[in-house]
Amino acid sequence: MTAQLNARGDVAVLVPAAGAGLRLGPGGPKALRLLAGEPLLVHAIRRVAAADSVRLIVVAAPAAEVEAVRELLAPVAPVTVVAGGAERQESVSLALAAVPAEIEVVLVHDAARALTPPQLIESVAAAVRQGHPAVIPVLPVVDTIKEVGPGELGPGEPGPGEIVLGTVDRSVLRSVQTPQGFRHEVLAAVHASADGALTDDAGLVEKAGLPVTCVPGSELALKITRPLDLILAEALLHVRSP
Ligand code: C5P
């Protein structure tokens, strides 16, 4: 039942995709949105499977869609598909339960980052292998960031507006991508005691008081969510074949 890729790999990659948005019917679910004629999830899984260290991929799908997602991914790579839960965190926990104890490195990846290059998967895994309990890929923040609070709009423009409270020092800020990588026992421990509130697995590790280490991210690992992202992703596929 456990579909394996490289039997000598030491990495499992979990892809939580069990949000209501994954329903295979009409309605434009994010992970199944088409990019160059194929669902984002397919693009993402193909690149994960191309990373040599990956032994196992576990996708959490909506309970009613497990069989359909299995069929969708069967031609792409050997993938284990499990039923997810009510919250993203529960879906990650259920996917993690399918990972055998001897796999020491577990990555959690977002299907919307469909063009994430295999090299980024390898560099996150390598940093975990070196002994870091949790590793995230990051990029510098390019925009100036302001902190705002409620304020008035200009004269003659009644209604709520916003006023700048301060400018954040962006040199200490980073945008966080996936895959986020963990030592297996660390991810298992923080999930066992999590209360369901966070959307970010590294955040659970932070709350547990353990260090989270940054590695350089990749512009190709952009999160494809808005129409403009899809256009950019299509262009990237044509010029770089990532
Ligand atoms: O809804 P949100 O954008 O936070 O979902 C983030 C990711 O977590 C999506 O890929 C979604 O499919 C997944 N998810 C899940 N199980 C849930 C809810 C969300 O796997 N119950």
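Strands here are DSSP runs of E, at least two residues long, numbered from the N terminus. The model is predicted.

**View 1. Valine 172 in a loop between two strands.**
Valine 172 follows β9 (160-168) and precedes β10 (174-176), in the loop that links them. Its relative accessible area is 61%. Valine 172 therefore counts as exposed, the cut-off being over 50%. Valine 141 is 31 residues away along the chain. The C-alpha atoms of valine 172 and valine 141 are 8.8 Å apart.

**View 2. The residues around the ligand.**
The N-terminal part of the list is Pro16, Ala17, Ala18, Gly19 and Lys30. Gly85, Ala86, Glu87, Arg88 and Ser91 complete the shell. By class, the shell has four nonpolar, three polar and three charged residues.

**View 3. Polar contacts to the ligand.**
Alanine 17 places a backbone N or O atom 3.3 Å from a ligand oxygen. Glycine 85 also uses a backbone N or O atom, 2.8 Å from a ligand nitrogen. Serine 91 uses its side chain: a polar atom there lies 2.6 Å from a nitrogen atom of the ligand. On its own, the ligand has 460 Å² of accessible area, and the protein covers 67% of that.

**View 4. Alanine 194 in the loop between α5 and α6.**
Alanine 194 sits after α5 (184-192) and before α6 (201-207). Its relative accessible area is 24%, so alanine 194 is partly exposed. Gln89 and Leu204 touch alanine 194, leaving aside residues up to four places away in sequence. Glutamine 89 is 105 residues away in sequence, yet the C-alpha to C-alpha distance to alanine 194 is 8.3 Å.

Notes. Residues are numbered from 1 along each chain as its sequence is written. This is a predicted model: local features need pLDDT of at least 70, side-chain atom pairs count only at pLDDT 80 or more; totals for chains, interfaces and linings use all residues. Side-chain values use heavy atoms; hydrogens and water are left out. Helices (H or I, at least four residues) and strands (E, at least two) are DSSP runs, numbered from the N terminus. Buried means under 20% relative accessible area, exposed over 50%, partly exposed in between (1.4 Å probe, protein chains only). A residue is near a molecule or strand if one of its heavy atoms lies within 4 Å of it. A polar contact is a pair of N or O atoms within 3.5 Å; within protein, one must be able to donate a hydrogen and the other to accept it, and residues adjacent in sequence count only if both atoms are side-chain atoms. Accessible areas come from the Shrake-Rupley method with a 1.4 Å probe; for residues, only the protein chains shown count as cover. Ala, Val, Leu, Ile, Met, Phe, Trp, Tyr, Cys and Pro count as nonpolar, Asp, Glu, Lys and Arg as charged, and the others, Gly among them, as polar. Contact means heavy atoms within 4.5 Å.
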